[in-house]
Amino acid sequence: MALLEISDLRTEIQLKEGVVHAVDGVTLHVDEGETLGVVGESGCGKTMTALTIMQLLPNGGRIAGGSIKLAGREITTLKPDEMRKVRGDDIAMIFQDPLSSLNPTHTVGAQISEAVLLHRDVTKKEAYDRAVEVLDLVGMPRAKERVEEYPHQFSGGMRQRVMIAMALACEPKLLIADEPTTALDVTIQKQILELIDDLRRRLGMAVIMVTHDLGVIAGRADRVAVMYAGKVVETTDTSALYENPRHPYTEALFHALPEKSAETRERLYSIPGAPPDLVNPPQGCRFAPRCRYATDKCRTEAPELNGETSAHTYRCFFPVGAKEKTVQGQLTVIEPIAAPEPDALVDQHVGDVVLEARDLVKDFPVTSGLMRRKIGTVSAVAGVSFDIRKGETLGLVGESGCGKTTIGRMLVGLDKPTSGSVLFGGKDLARSSGREYRHERRDIQYMFQDSYASLDPRMRAGTILREPLVVQGMGSRREQHAKITEMLGKVGLPASWTERYPHEFSGGQRQRLGFARALLLDPQVIVADEPVSALDVSVQAQVLNMMRDLQRELGLTYLFISHDLSVVRYLSNHIGVMYLGKLVEIGTADEVYLRPAHPYTKGLIESAPTADPELERAKVHEGIVGELPSAIHPPTGCRFRTRCPIAQEICSTVEPELKPYGVGNHFAACHFALQPPAEVAASSATEQVS
Amino acid sequence: MSEAQAIAATEAELGLTPSDKPRGMFIRAWEVFAENKLGLAGLAFVIFILLFCFVGPHLYVTNQVNTDLTNYLCHPSGQHLLGCDDLGYDEIGRLMVGGQTSLEVGLAAAVVSVVFGTLYGAISGFAGGITDAIMMRVVDAGLSLPYLMVLIILSVIFHPTVTTIIFIIAIFYWFGVARLVRGETIALRNREYVQAVKVIGGRPLRAVIRHIVPNAIGTIIVQGTFAVADAILTLSVLGFLTLGVAPPATDWGSMLSSGLNYIQGGNYWWLIYPPGICIILTCISFNFIGDALRDAFETRLQRR
């Protein structure tokens, strides 16, 4: 029996510019105890659907039609105070950002028991006991003590556990999780997803999991609804959807995933354009303007949601993939997007070492009190060495707080290393200063993570792009203009857009603009710090393709920093894995990814969700337990030992050194590496490849 | 693939429609400004009062140099539309002359204090550390002085001309501006676009002038318009204490002060209300303009 039945739901938001049809005829159902995944790019109405169910619409929002039935009871027509009883009691919701969802001035215990007091006829004491109970349920260590603490005393993952505890305090029948793990590291993400899944089973709840990440729901959702432009465009069982997507949009989302092309390193497919403006949605099929199979019919007539069987429905006249009956044992025929370029990065010619990091150390002082007395140091980077050869890409991965960003900042001179050196062309950059230093800056440029924050909001694109040239005194005004026009062409932006302000660009376009700025000084090395982490998959594919194309064209060298292993693997020749300020493993991309020697690397790879339901379901209870320890008092010996499944006594006393493993400059720092050292393994490693 | 084709292809990939040349920055800023009706009203009044004070005397000619005791406190009439004051000056003519002083002092003091305070605050905030600590203690010291007393002493020591009064007022006003801008700078200093200047090899001064100050412009403009209003009021206070500009020059505050001598002697309303209303409306207008300007300079609110 369906717990939640939504039919033809329409939500409108009244804005100054007009009415946004944020949810436009959505029909969904969620059965008791099942998980429904809702996926789509940002701006497709996923979150708005969730907020409509909760009736927590923003100002100007209203339900314009349709019905939502919760266990057979219509809830769209409830009065506000009746709806208040439903919220938190029957339906609960957890949000993306746990820090802004918790009140910083109350203890978490007070906030959880508030939810209980509102819905249950209990005393304060009982409510508080319930808070401890649910905190315990969500796996909070020492729940009895921690219930007295304030939100800022918890880590991101623990805060999300508190949010889940609050949502579960009244044992709702339905839990709506809106991007519950987007702000978290993969290792913590895995823990939280497992927790939600486990609680669903134990409490018999239904879960609606809203996400942009096809990997997150692959192993957890029973059914998936793909949303586009306020409509559900495809819905079916998870395995059917992943094996045989019928709607071109779903298919395109899969093709844009870098993990699919990680081994072949083909150009990624990117969906052209952006989701339509929901004030004036296009006639006909809403995906038609971006669809590679669209015909005139698609542009004039709107397809209905149906399919060959009622279990798999889609909104398309010309579905892709295989017919339902033939799906057994036969893979979908995916025609190649562009001519596959036989572009094995590994074989690509790489030159001499351009950039060397030698024993880089960065400590940040921790101060306290009025006099700013130093009470300790945060060991952000603790002795990291690597080198990058001309024309190659070194990918740096690790959880947040592992020091990868600090390394990037030291390379471009935003932070000065406490000790150690950055050698560029054999010259120590960290030592030179003043005029000469500013001049040398141009050879190593930085691409910021948040393109919006890194572009001055009050400057036009043209002024932003001219600034590096003016600062370095390169060329006359006319030459500068010509160079900017040329560069805009290279990154694929119209030259006339120099008059625009950063906020008039979309996320992907801004990232192109940031890249153009970095390229204008003809640098040799680009340090890119999470350049695609804020982008949707389709746009991410565009930016990654652009970076690859320009690397080949201009012979650039990249240091690519990311928390996303699949992106790093797709783009890099070499991968360096960092943990708590240490480089724990480094080697060629395939070596590190396919034959990790360090247990941390293995754990990271296993934690990263892949868009493959079978693989995802298969890996139960793997990954990394616990959270990153404080860098103020890093563990002695091997820093990873506190979370390591195979740690022994020697790990807490002797710090392991980087030793060679496998083939081709593969190093790892572990006493009990997952493969025998290089000398022994040299012959057997080649066999493993096949 | 030629360059043009490549661009066209990517434009198609990004789903762009070929863009037309956008309009100028000031036109777009003006559109935002014009949406604020109070700002428009303020602007209209300020233009009116500027014309009144600086063009008015050429159209409505009165003798503002020699006293004429035959017109002592004469009532409004066809000859003197708002009557005369205790020295026989025509009240409307007096408002024009007094308004010149008030507006000149107000605008000039605001510009001097805001420009200096902004640079001081931005440099202090950007430099940080010991420099910041020393620079800010100077401001703290300045702000802790009882400004009215010092103002009175200064205007006794220096012969009160328009120029000296501008500087006396500006000296006290910039402390507040500096403190506000410093706070804003510290918030902006760690923004990535300010750090980006360092990556491209720019000097710190460039970061301050090209990035921090323009982004603090909202705060600065609002503070600037407050400064105009405050300076006009401060001048009024000095005038009220008979420490303003020396006769026969005058300002609205001095007029108010001399009018108050007759407040109990009879119904001499034309000595009090006109300068009082001028002061109030001018100050409010500048504040409205400040609000509207802040929005106008917010690029995100502009339409293309």
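**Exercise 1. Describe the place and the backbone of Asp8(A).**

Solution. Asp8(A) sits in strand E1 (residues 2–15) of chain A; helices (H or I, at least four residues) and strands (E, at least two) are DSSP runs, numbered from the N terminus. The model is predicted: local features need pLDDT of at least 70, side-chain atom pairs count only at pLDDT 80 or more, and totals for chains, interfaces and linings use all residues. Residues are numbered from 1 along each chain as its sequence is written, while chains are lettered from A and ligands numbered from 1 in the order in which they are written.

Next, take the backbone angle. Most residues other than glycine have a negative phi. Asp8(A) is not a glycine, yet its phi is positive, about 45 degrees.

Last, count neighbours. A residue is buried if 20 or more other C-beta atoms (placed from the backbone) lie within 10 Å of its own, exposed if 12 or fewer, and partly exposed in between. Asp8(A) has 11 C-beta neighbours inside 10 Å and therefore counts as exposed.

**Exercise 2. Is Leu580(A) buried or exposed?**

Solution. Begin with the location: Leu580(A) lies in the loop between strand E21 (574–579) and strand E22 (582–588) of chain A. Its phi is positive, near 50 degrees, and the residue is not a glycine. Leu580(A) has 26 other C-beta atoms within 10 Å, so it is buried.

**Exercise 3. Compare the span of helix H8 of chain A with the expected value.**

Solution. H8(A) covers residues 186–203, which is 18 residues. The expected span is 1.5 Å times one less than the number of residues, here 26 Å. From first C-alpha to last, the helix reaches 25 Å, close to that value. After H8(A) comes Gly204(A), with a positive phi near 65 degrees.

Now look at burial. Buried residues in H8(A) include Ile192(A), Ile196(A) and Leu199(A). An α-helix has 3.6 residues a turn, so residues three or four places apart point the same way. Among the elements covering the buried residues are helix H7 (156–168) and strand E8 (206–211) of chain A.

**Exercise 4. Which residues of H15(A) meet H16(A)?**

Solution. Contact requires C-beta atoms, placed from the backbone, within 7 Å. On the H15(A) side are Gly462(A), Leu465(A), Arg466(A) and Leu469(A). They meet Gln480(A), Lys483(A), Ile484(A) and Met487(A) of H16(A).

**Exercise 5. How many helices and strands are in chain B?**

Solution. Chain B has 13 helices and zero strands. Of its 304 residues, 44% are buried.

Terms used
Two residues are in contact if their C-beta atoms, placed from the backbone, lie within 7 Å.
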